[in-house]
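Trainee: Could you take me through one part of this model up close? I'd like to start with the nonpolar core and then work outwards from there.

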Amino acid sequence: MADRRGDTWKRHISEQLRMRDRVQRQAFEEIISQYNRLLEKSDMQAVLSERYQSDGPRGAQLSAADGGMRGDIQQEMSQMRIKHQEELTELHKKRGELAQNVIELNHQIQLKDKEIQRNEAKISEYQTQIATLEGDCQKLNTFLQDLERANQMLKDEYDALQITFSALEEKLRRTTEDNQELVSRWMAEKAQEANRLNAENEKDCRRRQAKLQKELADAAKEPLPLDPDDDIEVLAEDGGKRPGEASSPSRSLSRTPSKRISQVPPGGLLDSIGNIFGRRPGNSLSTSPENTEAPMGGVEVRVPSTALHVFEAHDGEVNAVRFSPGSRLLATGGMDRRVKLWEVVSGHCEPKGALTGSNAGITSIEFDSAGSYLLAASNDFASRIWTVDDFRLRHTLTGHSGKVLAARFLLDNTRIVSGSYDRTLKLWDLRSKVCMKTVFVGSSCNDLVCTEQCVMSGHFDKKVRFWDIRAESIVRELELQGRVTSLDLSQERTELLTCSRDDLLKIIDLRTNTVRHTFSAPGFKCGADWTRVCFSPDSNYVVGGSADGGVYVWNVLTGKLDRLLDKHHSSAINAVSWSPSGAFVLSVEKGSKAVLWSDL
């Protein structure tokens with residue numbers, strides 16, 4: 001192709017040169033022919049002059065007639081010579097001009113030749129570029145065809161997926177309608193059953209009241225025999241003796257029916273918040289004695305200063321740690337998908353067993369109030385409950401669409417609340433093993449604490465939210481300066497400890513909704529979104545682990561750093577836990593180590 005184009009340009013240049021030759025020669029052809037004729041006449045004149053000179057001696061001998069004719073010829077030749085001389089002069093002049101034109105034209109031809117050479121070089125370069133571009137164009141065409149085929153295939157797949165999605169959406173709609181209908185029927189049946197139970201209870205209550213009234217009436221009609229020697233004290237209706245009254249054997253006796261004390265109905269939301277934030281959990285009406293923790297007033301809390309035992313807790317990162325209430329048993333959870341139980345004996349943590357069944361790393365641990373059950377949240381979107389005595393898995397609660405970051409028992413130990421990365425909270429009933437409520441909170445939940453009817457949740461959007469689990473509504477919310485990583489309640493449940501990614505620990509007074517203390521230290525840095533901190537058992541200290549491997553202990557009364565334990569940990573601390581006896585603190589890290597601290 002390149003040779004063919006080169007021949008085309010050569011023919012074109014040759015034709016242009018021929019055309020230029022014809023145009024330039026046409027203007028001078030007549031002049032050249034006249035010039036040639038003049039040269040011929042000049043040659044003829046020279047020949048005649050030579051002949052005339054050679055015939056000079058003979059001319060003297062010619063006659064007078066011949067002399068006249070020769071005079072005419074000489075005159076004519078003189079005129080011709082003058083004319084030829086003028087023409088020759090003119091031709092010389094024309095010749096000079098033409099020579100100058102020829103020089104100029106030769107110069108222009110040289111310039112044109114150079115321009116032609118430059119153009120030929122450019123043409124060669126352009127031909128090379130054209131060949132390269134044609135190759136690139138061919139490659140691009142091939143790539144475009146491949147893209148068109150891939151696009152067509154993706155379009156077909158998209159159409160198929162769209163059809164499948166439409167079918168699934170229709171199925172979901174029908175399933176949702178069926179679910180709503182079933183829920184409505186279930187709620188109606190529950191309401192009917194509740195009405196029946198209430199009616200039966202009212203009937204039973206009326207029967208008991210009627211029977212009691214009849215018995216009291218019968219007892220009032222019967223005469224009461226009195227012994228004069230008996231010393232009988234008549235009690236007031238409230239069951240106690242009034243001050244200032246003395247017992248007298250002569251005092252008349254009366255039998256009056258005692259009044260039934262009606263059960264106090266549960267209060268509204270504000271009463272519940274008051275019960276939560278103003279009283280000890282043992283004083284609540286809904287808390288049974290066996291589920292109530294022992295009062296901590298007599299606990300002697302000792303600030304740790306020494307590492308008693310440094311040990312490898314898990315095969316990999318350790319995320320959670322928790323002491324069992326009222327015992328030396330503790331549990332740790334890690335990324336090796338196991339929960340390990342340990343017992344503190346003589347300043348060492350001895351392994352007691354492992355709880356298995358999780359399909360991903362453990363994120364949080366919680367004991368129930370009696371220490372009989374252990375609840376763990378996991379990255380496999382589920383929460384699990386084991387019995388501590390026999391290490392058996394009892395419940396697996398699934399339903400979240402993201403990893404579960406926190407799970408806590410409510411105070412009645414029959415329900416739990418879980419918070420997930422999918423931005424929802426779920427309330428579970430352990431008796432029916434179903435999810436009772438799902439609340440969309442709008443942000444990933446990193447930690448939870450629970451009271452009787454209130455759940456406090458810390459979130460990725462820097463907010464702490466207070467939920468009434470009966471109404472699925474927010475009581476109030478607080479916004480901190482960083483992502484909330486940890487929550488913990490004081491022993492009196494009137495103060496909330498928070499830790500956030502702005503490297504600050506704060507104590508919030510739940511009665512006034514204000515920040516009471518803010519704790520920080522020059523070297524303290526929150527190492528992860530799930531870094532856990534906690535109160536001491538007497539709520540006089542708070543402890544937290546830093547990203548530099550140090551354990552920081554602050555005094556709540558003074559608001560200052562009381563102790564820094566900066567040895568034995570080689571990576572960021574994920575969680576700490578203070579034993580209920582107040583004697584030990586256990587810290588776990590992103591490595592595999594755990595450290596038991598005390599002041600012994």
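Mentor: Here is a walk from the core to the loops, and then on to the charged pairs and a patch on the surface. Keep in mind that this is a predicted model.

Let's start inside. The largest nonpolar core is made of 16 residues. Those with the most contacts inside it are Phe 311, Phe 323, Leu 330, Val 344, Cys 349, Leu 586 and Leu 596. Four elements each give two or more residues to this core: strand 2 (318–323), strand 4 (339–345), strand 27 (585–589) and strand 28 (593–598). Of these, strand 2 gives the most, with 3 residues. As a general backdrop, nonpolar side chains in soluble globular proteins tend to be buried together.

Val 344 is a handy place to zoom in. Leaving out residues up to four places away in sequence, Val 344 touches Phe 323, Arg 328, Leu 330, Cys 349, Phe 584 and Leu 596. Among those partners, Phe 323, Leu 330, Cys 349 and Leu 596 are also on the list of residues with the most contacts inside the core.

Now step along the chain to Ser 346, in the loop between strand 4 and strand 5 (348–355). The backbone is worth a look here: Ser 346 has a positive phi of about 55°, although it is not a glycine. Ser 346 counts as exposed, at 69% relative accessibility.

Arg 493 makes a nice companion case. Its phi is also positive, near 60°, and again the residue is something other than glycine. You'll find Arg 493 in the loop between strand 18 (484–489) and strand 19 (495–500). But while Ser 346 is exposed, Arg 493 is buried, with a relative accessible area of 16%. That value puts Arg 493 in the buried class because the class covers anything under 20%.

Next, the charges. The structure holds 24 salt bridges, and a few pairs are worth checking one by one. Arg 173 and Glu 170 meet through their side chains at 2.2 Å, N to O. These two are 3 residues apart in helix 4, so they are separated by about one helical turn. Both partners are partly exposed: Arg 173 has a relative accessible area of 39%, and Glu 170 comes in at 29%.

Arg 394 pairs with Asp 390, and their closest N and O atoms are 2.9 Å apart. This pair is partly exposed on both sides, with Arg 394 at 34% relative accessibility and Asp 390 at 35%.

The bridge between Arg 431 and Asp 429 has its closest N and O atoms 3.4 Å apart. Here the two ends are in opposite settings: Arg 431 is exposed at 64%, whereas Asp 429 is buried at 13%.

There is also a linked set. Arg 322, Glu 366, Arg 408, Asp 447 and Arg 532 are joined in a network of salt bridges. Arg 322 falls within strand 2 (318–323), the strand that gives the most to the core.

Finally, back out to the surface. Val 183, Trp 186 and Met 187 make a nonpolar patch of about 310 Å². Met 187 lies in helix 4 (residues 64–221), the helix that also holds the Arg 173 and Glu 170 pair. Met 187 is partly exposed, with a relative accessible area of 47%.

Conventions: Residues are numbered from 1 along each chain as its sequence is written. This is a predicted model: local features need pLDDT of at least 70, side-chain atom pairs count only at pLDDT 80 or more; totals for chains, interfaces and linings use all residues. Side-chain values use heavy atoms; hydrogens and water are left out. A nonpolar core is a set of buried Ala, Val, Leu, Ile, Met, Phe, Trp, Tyr and Cys residues joined through side-chain atoms within 4.5 Å. Buried means under 20% relative accessible area, exposed over 50%, partly exposed in between (1.4 Å probe, protein chains only). Contact means heavy atoms within 4.5 Å. Patches are made of residues with over 30% relative accessible area and no salt bridge: like charges are joined within 9 Å, nonpolar side chains (Val, Leu, Ile, Met, Phe, Trp, Tyr) within 5 Å. Accessible areas come from the Shrake-Rupley method with a 1.4 Å probe; for residues, only the protein chains shown count as cover. A salt bridge is a side-chain nitrogen of Lys or Arg within 4 Å of a carboxyl oxygen of Asp or Glu.
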